[in-house]
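Me: Could you take a close look at one part of this model for me, the long helix and what surrounds it? I'd love a connected walk through the contacts.

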Amino acid sequence: MADRDVLSKFNFTREMLAGPIYRKYEKAIRKVWSVEDLDFTQDALDWHRVTPEQQKGLLGVTVRFLAGEQSVTDELVPMLAAAHALRRFDWTMFLSTFLMEEAKHAEFFMRWHEKVVGILEPEEVAAHFLVRGKTIDPSGRFQVRDVMYEALPHYGGLLMAATQGGSEAEIERAFVQFSAAYNGFVEGVLTMPSYEIVIDSTAAWNAFPTLHRGFKLILADEGRHITFGTEACRILIAKDPSYEEAVHEVFDAYRGNIVGLVEYQKAVPGLDLGKYQTMKVRHYRNRCREMGVTADETLVEQILDPTIDFVVGVEAG
Ligand SMILES: [Fe+2]
Ligand SMILES: [Fe+2]
């Protein structure tokens, strides 16, 4: 029998190879796609064909995605550190594909803006990033906060701190909280309607085939990111059911962002408004089921309540 020191240098087990996270890693490797293989010619022609209003509306969303993808790439590091601290090498392997994919999503939007719109430098794209005032719920019941630029760095910082000095239970709880915010909330519920709105708009305009294709490829990647996070949460919550509370804390803190309407539901004419609220409920229920937590029925009722119709700025990433 080898001594413990030597054993600790090897991570692979037959149980790991048969497990859901390792299989997700294998799938990610099989599904790798390249931005270089995409042809932006037709999109560039379409850019000059659509109206200035359509250009402005679309650019408002794509520039947000360009910023969002860069931001989620940068915010992923605490999860990698935690996977290492928890000695879960299959999680580290999957996260290496996750990190590469987020960087590639940023690359996709960088190339689309460069080749289709002719903008690339920070000052060129930043000019189209709409800095908006704080979203106010006129009824005063809900607060709308910044999930992408406030929640992710906040929970990521807590996870990083736990990784550096916390007990195993503290790391696990902080992991559940960060993953609930990143994979469950942002990727798993909030951004979903934004992707669909761009896909629906490009289909309705019969334009921008490569933007449409890119969004489909990105969505397939996002599906794996989300289900990695919810599966990791399920594993940890099964180990200690008290972690479920951490999930509800996150969804509670950012409740207003989820019950409000997505900005582009109102900005793009001809879209079916109810579709995207129903979609959020479906995604929320799926995430809860995957994590093995009980859905908050009050939240579901609030998302579907037609009297709650204030508009939240688009989230993208
Ligand atoms: Fe992404
Ligand atoms: Fe993602």
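Reply: Happy to! Helices here are DSSP runs of H or I with at least four residues, numbered from the N terminus. With that in hand, and bearing in mind that this is a predicted model, let's start just past the end of H7, where Leu120 sits in the loop between H7 and helix H8 (122–126). Leu120 has 12 C-beta neighbours inside 10 Å and therefore counts as exposed. Setting aside residues within four places in sequence, Leu120 is in contact with Met110, His113 and Glu114. Phe109 lies 11 residues from Leu120 in sequence, and their C-alpha atoms are 9.8 Å apart.

Now to the packing of H7 itself. Helix H7 (residues 89–117) packs with helix H3 (residues 20–30) at an angle of about 25 degrees, their axes 8 Å apart. That angle is under 35 degrees, so H3 and H7 are roughly parallel to each other. The crossing of H3 past H7 is left-handed. H3 contributes Ile21, Tyr22, Lys24, Tyr25, Ala28 and Ile29 to the contact, while H7 brings Asp90, Trp91, Met93, Phe94 and Thr97. Sorted by class, the residues of this contact are 8 nonpolar, 1 polar and 2 charged.

Phe94 leads us further inside: in the largest nonpolar core, of 72 residues, it is among those with the most contacts, along with Val176, Ala181, Phe185 and Val247. Helix H10 (residues 168–190) supplies the largest share of this core, 12 residues. As for Phe185, its contacts beyond four places in sequence are Val147, Ala180, Leu190, Val250, Phe251 and Tyr254.

Methods. Residues are numbered from 1 along each chain as its sequence is written. Chains are lettered from A and ligands numbered from 1 in the order in which they are written. This is a predicted model: local features need pLDDT of at least 70, side-chain atom pairs count only at pLDDT 80 or more; totals for chains, interfaces and linings use all residues. Axes are lines fitted to C-alpha atoms, for helices over the stretch in contact, and angles run from 0 to 180 degrees between N-to-C directions. Helices (H or I, at least four residues) and strands (E, at least two) are DSSP runs, numbered from the N terminus. Angles under 35 degrees count as roughly parallel, over 145 as roughly antiparallel, 65 to 115 as roughly perpendicular and the rest as oblique. A crossing is left-handed if the near helix is turned anticlockwise from the far one by less than a right angle, and right-handed if clockwise. Two residues are in contact if their C-beta atoms, placed from the backbone, lie within 7 Å. Ala, Val, Leu, Ile, Met, Phe, Trp, Tyr, Cys and Pro count as nonpolar, Asp, Glu, Lys and Arg as charged, and the others, Gly among them, as polar. A nonpolar core is a set of buried Ala, Val, Leu, Ile, Met, Phe, Trp, Tyr and Cys residues joined through C-beta atoms within 7 Å. A residue is buried if 20 or more other C-beta atoms lie within 10 Å of its own, exposed if 12 or fewer, and partly exposed in between; C-beta atoms are placed from the backbone.
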